[in-house]
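This briefing is meant for a reader who is meeting the structure for the first time. Please keep the model open while reading, and look up each residue as it is named.

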Amino acid sequence: MSERPITVHVASVGVSLFDNVLTNWSTRVEEAVGDADLAQDVFDNRTRIHDPEGELPDTQDEADRVSEQLVKELSERGQARENLESLVQEIGLDEWPRTISAELTSLASNRRGNHQVQADGNNDETVLLVASDTGRGLRAALFNALAMTGGDIDRVDYLPTTDSTARFGPGRVVIVRLPGLDAEDNDRFLGAMRQLGSLGPHFKELLRHPESTCRFHLTGGFRVAIPFLIGFAEALRCLYGSRISAHAQYEFSASPRSIELPLSSPRTDDLEGRLAGSGDDGYFVGEPPHGAVWEGFAYEYLPDELQWRLTPFGTALRELVPATKQEP
């Protein structure tokens, strides 16, 4: 890890990239890429980027299949790695414009329109991409990450689980698969937030320098993940204060700058025992402590179930700050 301050960029990943590069219309690809020859190379290799017809019918099986493929492709050797290296060369990822996906556009904001993180010794940025738990989402995350490194596969890493080992650091992009982020029920999403909260040790190391900062990019990506990323950002802000910020860019704006979103968070000296009594499933046994003063913020009452349950923010906060679980 760099001894200098580092900026950590965090963004969720959707599939807007594939709207531009997996189309069967070569003119659409040319409009997205902005160069006829490069567009033809991308168009000719679109099924190597991702083949929709090869997707497994079961979404979880498909996510598992692509996850295993990513592990092989991002390893140091093997046929899958060689195939990816060949593909990267043929589709000119270092020439892809920031406008080709919402994720690249978002990263470029407030960075003079630059969507790539550099590998030189003067670079102090790293990117964390939170991928939806789908095959297409994981695949889109890979090619967004490669575009961010200018096609440098060695600077892209993948965490199939949040407790996997990854090489975070300046100039690197790390993809995180978040199980449950494709769920349609709230319980699985709360499980996904617990997984997100378990990234806390990584952030503790990344933000070890007192001047290091973390920027959450909420312009693109998997839209339903935005409330969870905001909750996670607010929980981190409890620990690191104004070093944590969240940003968004108006979808149709031509400005290269984003706006900073408000993040609320309680003081760290007011956290102990605030979430005591909440179980692993997020539900409380009885009423939350201290007269439920964090209602609507860290937990909510469900009248149909006659129970209290953690919100996404409360779930992330409990994972990041163990003192919140201590009995008063």
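The charged end of R274 sits over the ring of W294, at 5.6 Å from the ring centre. The model is a predicted one, and the points below go on from this contact to aromatic pairs, a central strand's neighbours in the pairing, a buried arginine and the salt bridges.

**Charges over rings**

- Besides R274 and W294, R46 also places its charged end over a ring, that of F43, with 3.9 Å to the centre of that ring.

**Aromatic pairs**

- A search through the whole structure turns up six aromatic pairs.
- In one of them, F216 and F232 have ring centres 6.0 Å apart and planes at 75°, so this pair counts as edge-to-face.
- That pair links distant parts of the chain, since F216 belongs to strand β5 (residues 213–217) and F232 to helix α11 (residues 226–240), with their positions 16 residues apart.
- F216 counts as buried because its relative accessibility is 0%, and F232 likewise counts as buried because its relative accessibility is 1%.
- Y301 and W308 form a tilted aromatic pair, with 5.2 Å from centre to centre and 55° between the planes.
- Y301 has 34% relative accessibility and therefore counts as partly exposed, whereas W308, with a relative accessible area of 11%, is buried.
- Y301 and W308 also belong to a cluster in which ring pairs link them with F284 and Y299.

**Strand β5 and its partners**

- Strand β5, which holds F216, is mostly covered, as four of its five residues are buried.
- Strand β1 (residues 7–13) pairs with β5 in the parallel sense, and five bridges join the two; within this pairing, T7 stands opposite T213 of β5.
- Strand β6 (residues 244–248) also runs parallel to β5 and is joined to it by four bridges; here R215 stands opposite S245 of β6.

**A buried arginine**

- R172 lies in the loop that runs between β3 (156–159) and β4 (173–177).
- Although R172 is buried, it has no salt bridge, and the nearest side chain of opposite charge, that of D157, is 4.5 Å away; the absence follows because a salt bridge requires the side-chain nitrogen to be within 4 Å of a carboxyl oxygen.
- Leaving aside residues up to four places away in sequence, R172 touches E125, T126, V127, D154, R155, V156, D157 and R167.

**Salt bridges**

- The count of salt bridges comes to 14.
- One of them joins the side chains of R4 and D124, with 3.1 Å from N to O.
- R4 lies in the segment before β1, and D124 lies in the loop between α7 (102–108) and β2 (125–131), so this pair ties together parts that are 120 residues apart in sequence.
- R4 counts as partly exposed because its relative accessibility is 38%, while D124 is buried, with a relative accessible area of 18%.
- E55 forms a salt bridge with R136, in which the closest N and O atoms are 2.9 Å apart.
- E55 is found in the loop between α4 (46–49) and α5 (59–73), and R136 in helix α8 (residues 135–148), so the pair ties together parts that are 81 residues apart in sequence.
- E55, at 27% relative accessibility, counts as partly exposed, and R136 is partly exposed as well, with a relative accessible area of 32%.
- The side chains of D64 and R177 meet in a salt bridge with an N to O distance of 2.7 Å.
- D64 is part of helix α5 and R177 of strand β4, so this salt bridge ties together parts that are 113 residues apart in sequence.
- D64 counts as partly exposed at 30% relative accessibility, whereas R177 counts as buried at 8%.
- D64 and R177 are also joined with D133 into one network, through salt bridges that share partners.

Conventions. Residues are numbered from 1 along each chain as its sequence is written. This is a predicted model: local features need pLDDT of at least 70, side-chain atom pairs count only at pLDDT 80 or more; totals for chains, interfaces and linings use all residues. Side-chain values use heavy atoms; hydrogens and water are left out. Rings of Phe, Tyr and Trp (its six-membered ring) pair if their centres lie within 6.5 Å; planes under 30 degrees apart count as stacked, over 60 as edge-to-face and the rest as tilted. Buried means under 20% relative accessible area, exposed over 50%, partly exposed in between (1.4 Å probe, protein chains only). A charge sits over a ring if NZ of Lys or CZ of Arg is within 6 Å of the ring centre and within 35 degrees of the ring normal. Two strands pair if DSSP finds at least two bridges between them. Lys and Arg count as positive and Asp and Glu as negative; His and the chain ends are not counted. Contact means heavy atoms within 4.5 Å.
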